[in-house]
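Work through the exercises below with the model open beside you. Try each task before reading its solution.

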Amino acid sequence: MKTRLYLLLLGALLLVPELLWAQTLLSGRVRDTSGRGLPFASVRVLHPRDSSLVSGMTTTEQGAYRFDQLPQGSYLVRTSFTGYETEIRRVMLFRSRPVVLDFTLREEGRELRELVVRAQGVRVKGDTTIYSPSFYRKGGERNLGELLETLPGVRVDHEQSTLTINGKPIRKILMESHDIFQGNTAVPLKNLSADGVQSIEVIDNYSEYSILDGFRTSNETVVNLRMDDKMRGRIRGETELLGGLSSKYQLKGNGLLIGRKAMISSILSGNNIGRQVLTTSDVINMNGGLSSIISGENPREAMQRTLSSYQAFLDARSNVYQRDNGLLSLNSSINPSPKIRLQWSGLFGLEAYRLRSRDRYDYLSGLSYEDSMRERQRRRHLMTGLRLSLQPSSLFNLIYSGRLYLGGSRQNLSSSIFSNPLKVRDDDDLLTTEHSLVGIRRIGKHSLNLALESSYTGTKSDYGFSPERPFYSGLMGLPEGYRYAQRQQLQHHTARLSWLYRLSPSYFVRLALGAGYDASCLEASLDPRAQSAEGGSFDQQHWLEHRSLEAGLQLHRDRGALTFTLGARLQRLLPEGKLSRPLPSGRETALLPTLKLNYRLSTTHFALLEHDHALEIYAADQLAGGYRINSYKSLSSSSVDRLYARSSRTMLIHVLMYPLYGFQITNVLSWEQSKHSLVDDYRQQGLVSIIDRRTASGAYSLSWMSALEQKFLFMPLNAKLEGMYMRRHTPYYQTQRLSSLDVDLLRFKGRLTTFYKHGLNADLSVEHLRTAYRNVSVKSEVYSTDYRAALSWRSPKLHAEAALRYRDFRQSSLHTKQIYYDCTLRYELSSKLSLELVGQDILHTNERVQTDIHIGPYLTSTRTMYYMPGHLMLGLKVKY
């Protein structure tokens with residue numbers, strides 16, 4: 001009943017603006033100098049104060065446009081069309097008075113004429129919007145992320161190191177038009193100094209392959225930084241060093257050299273205050289960014305392959321009580337000639353941390369016990385990337401990209417279950433290499449592309465377990481102490497030839513032929529050797545390979561309000577291998593359709609529908625018979641009865657953003673469903689979970705998000721209210737009985753912020769989260785409420801801030817409350833030297849304990865964790 005009430009409230013949030021809308025009408029035509037209407041020209045309505053987007057659309061085939069739901073007031077109207085000069089005009093709208101505003105655009109000369117709105121700190125040049133940071137700065141911005149979020153329409157998530165502009169995610173930050181960071185946005189956002197940035201360019205419809213102009217293969221938006229002249233020809237940068245109580249420290253340093261034909265950037269970061277220096281989003285960005293990963297023939301397979309390659313070496317856990325991090329990043333871009341560009345990046349990271357917890361486990365089978373755990377772990381990361389672009393002519397491009405990752409992890413764990421001390425040692429190593437070569441040949445309006453890709457992943461794991469007293473007692477034939485070694489190799493190689501044929505200004509056809517080779521190998525050994533009581537061996541050796549042939553045909557419409565991709569792939573798979581259990585063999589042929597529809601009523605209102613089918617190839621570790629040791633209290637086997645699985649996905653997203661007397665409302669609805677996904681069948685034997693991998697259908701997720709924001713025009717005040725609902729249905733087995741895990745999540749957040757450049761500012765927020773679990777070990781609802789209040793003072797030389805956070809967490813009989821105090825004081829002694837005092841959670845500088853609960857399909861765990869204590873540090877920041 002409560003869920004239905006929440007849904008009605010969210011629906012009401014969507015209906016209220018329609019009832020309050022003040023009817024106005026703005027229409028007109030966009031023509032060239034001959035009077036011919038320009039089809040699909042961009043028309044945007046902007047706020048005159050900061051040029052932030054109000055609404056937008058593209059013209060019809062006759063060059064007409066119409067806005068019939070704009071609040072009365074003054075606006076800037078900007079029109080642009082490829083090959084024509086952009087024009088901006090001011091208009092005043094009154095209630096119930098239609099306004100006709102026509103534009104006549106002139107063709108561009110050799111250079112685009114810049115249209116300057118200097119009073120607003122914005123310049124417009126075609127698809128590029130150029131911001132002057134000096135107009136928007138409030139004072140005290142230290143890194144690029146803090147500088148970017150001062151711009152209108154920009155949002156920076158400092159925890160996830162993500163960036164969005166006008167609702168579009170930004171996957172790439174360029175510097176002087178060079179992709180020097182190779183898709184890694186986290187490093188510059190967190191570590192690049194805000195000083196020296198002369199202008200910030202937001203480029204729409206960006207493509208790194210300029211030879212593909214005329215084919216909208218990407219609607220990506222990127223950020224390009226233009227540096228001040230004082231940054232050129234010499235090394236510029238800054239160093240920050242802080243130290244404090246309990247030997248806490250934080251070190252940050254960056255250097256930048258911009259030459260005529262080369263650019264070099266270096267970043268050094270280290271701390272022992274718990275801030276992680278390498279995250280999952282970093283790895284995705286270092287592999288070319290999300291847009292690069294999902295732009296291939298099978299985006300889901302590419303994303304899964306990327307995440308699985310690095311998953312074991314990325315630990316985003318914040319529940320550590322001691323952590324040391326260090327990272328060194330070197331990036332360079334060299335242009336020896338206009339036809340050659342060489343980019344190299346390297347990253348080296350080290351981290352060491354300790355964990356301590358007291359856990360209580362309650363299983364659906366009735367088993368309950370407590371566990372006291374301590375863990376020490378060391379990790380190392382080395383990643384390097386090389387990109388070489390050759391443009392021997394304006395009609396031919398050749399691009400090579402290569403990446404190498406080396407990772408290592410050493411873990412020591414001590415635990416105690418039923419007063420039985422247990423010790424675990426786990427050593428893991430990972431090697432991943434990826435190479436691609438792309439050749440593009442332009443033939444008139446058409447294009448011929450050849451892409452070669454190759455990747456290799458090798459993992460090695462040595463796992464040791466030793467109890468003080470018998471733990472298994474003969475269970476599954478396992479010895480009481482052992483060493484378990486696993487070696488796994490994955491290979492993926494493809495070659496694809498595609499022909500892009502332009503049928504008309506709005507349509508083109510893509511024909512592709514491809515061949516591929518996938519191989520997986522698994523070796524496992526147990527010392528001393530053992531045979532499970534059920535007949536499965538822990539010593540295993542499996543290999544499996546697939547050769548594939550495919551042909552694909554797609555029809556694209558890439559102009560107008562409705563754009564779409566309609567096509568299909570015909571795939572033929574030829575398997576061969578050796579497994580320890582019989583599986584159906586034979587060749588597989590599949591026809592895999594795909595559909596993508598994007599209906600854009602305007603730049604702020606669009607609907608996206610995607611439906612695709614895929615043929616997933618199971619690797620050797622997903623099919624291997626016998627038993628594998630996941631941990632000392634978890635074993636797994638496989639009952640998957642097929643070499644392949646068909647899956648499908650349907651996703652619907654609806655986005656609506658429009659102002660209502662200064663308000664902006666955003667709504668997103670998405671639906672995703674999969675078939676034949678891998679699921680686990682759990683059963684409990686003593687303290688050990690036996691997991692049998694199987695397949696099941698019916699997984700789906702539904703999410704709905706609404707946001708209401710008010711940007712006051714006459715004072716620096718922002719107010720925002722967000723609501724989100726998500727339902728996730730996941731099938732699983734419990735002792736061969738099919739069941740499902742249902743999770744309902746409801747989230748509300750409100751925030752009020754002031755932005756005075758000098759004087760007192762406030763940032764107030766409240767967030768409420770409710771999570772309901774069904775069909776699990778314990779039917780439960782979890783409530784979490786966070787209150788945050790921050791007051792800050794800004795002056796030309798002084799920045800001071802004090803923040804208070806209160807967290808209330810409730811689940812059944814568990815009820816915890818925490819209060820945190822943070823403070824920041826920064827004083828500029830000179831233009832190059834500043835003094836800093838930083839405090840976080842200053843009431844708990846010795847110890848911080850927090851209790852959380854995790855609810856899963858077959859167990860509920862209540863964990864009391866020792867988190868990283870707070871800190872108070874003093875230090876200096878030097879610019880050079």
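The exercises that follow go from the whole chain to single residues, and the model they use is predicted.

**Exercise 1. The whole chain**

Find how many helices and strands the chain has, and what share of its residues is buried.

Solution.
- Start with secondary structure: the chain has eight helices and 50 strands.
- Turn to burial: of the 880 residues, 50% are buried.
- Add the surface: its accessible area is about 41,200 Å², and carbon and sulfur atoms hold 55% of that.
- Finish with contacts: among those with a separation of 6 or more, 64% join residues 24 or more positions apart.

**Exercise 2. Glutamine 540**

Decide whether glutamine 540 is buried or exposed, and find what its side chain meets.

Solution.
- Locate the residue: glutamine 540 is in strand 29, which covers residues 540-557.
- Apply the cut-off: buried means under 20% relative accessible area.
- Compare: glutamine 540 has 6% relative accessibility, so it counts as buried.
- Look for polar partners: a polar atom of the glutamine 540 side chain lies 2.8 Å from the backbone oxygen of tyrosine 627.
- List neighbours: leaving aside residues up to four places away in sequence, glutamine 540 touches Leu522, Glu523, Ala524, Ala624, Gly625, Gly626, Tyr627 and Arg628.

**Exercise 3. Two salt bridges between strands**

The whole structure holds 31 salt bridges. Work out which strands are joined by the pair glutamate 351 and arginine 323, then do likewise for arginine 547 and glutamate 576.

Solution.
- Take glutamate 351 and arginine 323: their closest N and O atoms are 3.6 Å apart.
- Place them: glutamate 351 is in strand 22 and arginine 323 in strand 21, 28 residues apart.
- Check burial: glutamate 351 and arginine 323 are both buried.
- Take arginine 547 and glutamate 576: here the closest N and O atoms are 3.8 Å apart.
- Place them: arginine 547 is in strand 29 and glutamate 576 in strand 30, 29 residues apart.
- Check exposure: arginine 547, at 39%, is partly exposed, and glutamate 576, at 45%, is partly exposed too.

**Exercise 4. Aspartate 763 and a network**

Why does the salt bridge of aspartate 763 and arginine 751 tie together separate parts of the sequence?

Solution.
- Confirm the bridge: N to O, the side chains of aspartate 763 and arginine 751 meet at 2.6 Å.
- Trace the strands: aspartate 763 lies in strand 43 and arginine 751 in strand 42, so the bridge ties parts 12 residues apart in sequence.
- Judge each end: aspartate 763 is buried at 14%, while arginine 751 is partly exposed at 41%.
- Look further: Lys720, Glu722, Arg747 and Glu767 form a network of salt bridges.

Technical notes
Residues are numbered from 1 along each chain as its sequence is written. This is a predicted model: local features need pLDDT of at least 70, side-chain atom pairs count only at pLDDT 80 or more; totals for chains, interfaces and linings use all residues. Side-chain values use heavy atoms; hydrogens and water are left out. Helices (H or I, at least four residues) and strands (E, at least two) are DSSP runs, numbered from the N terminus. Buried means under 20% relative accessible area, exposed over 50%, partly exposed in between (1.4 Å probe, protein chains only). A polar contact is a pair of N or O atoms within 3.5 Å; within protein, one must be able to donate a hydrogen and the other to accept it, and residues adjacent in sequence count only if both atoms are side-chain atoms. Contact means heavy atoms within 4.5 Å. Accessible areas come from the Shrake-Rupley method with a 1.4 Å probe; for residues, only the protein chains shown count as cover. A salt bridge is a side-chain nitrogen of Lys or Arg within 4 Å of a carboxyl oxygen of Asp or Glu.
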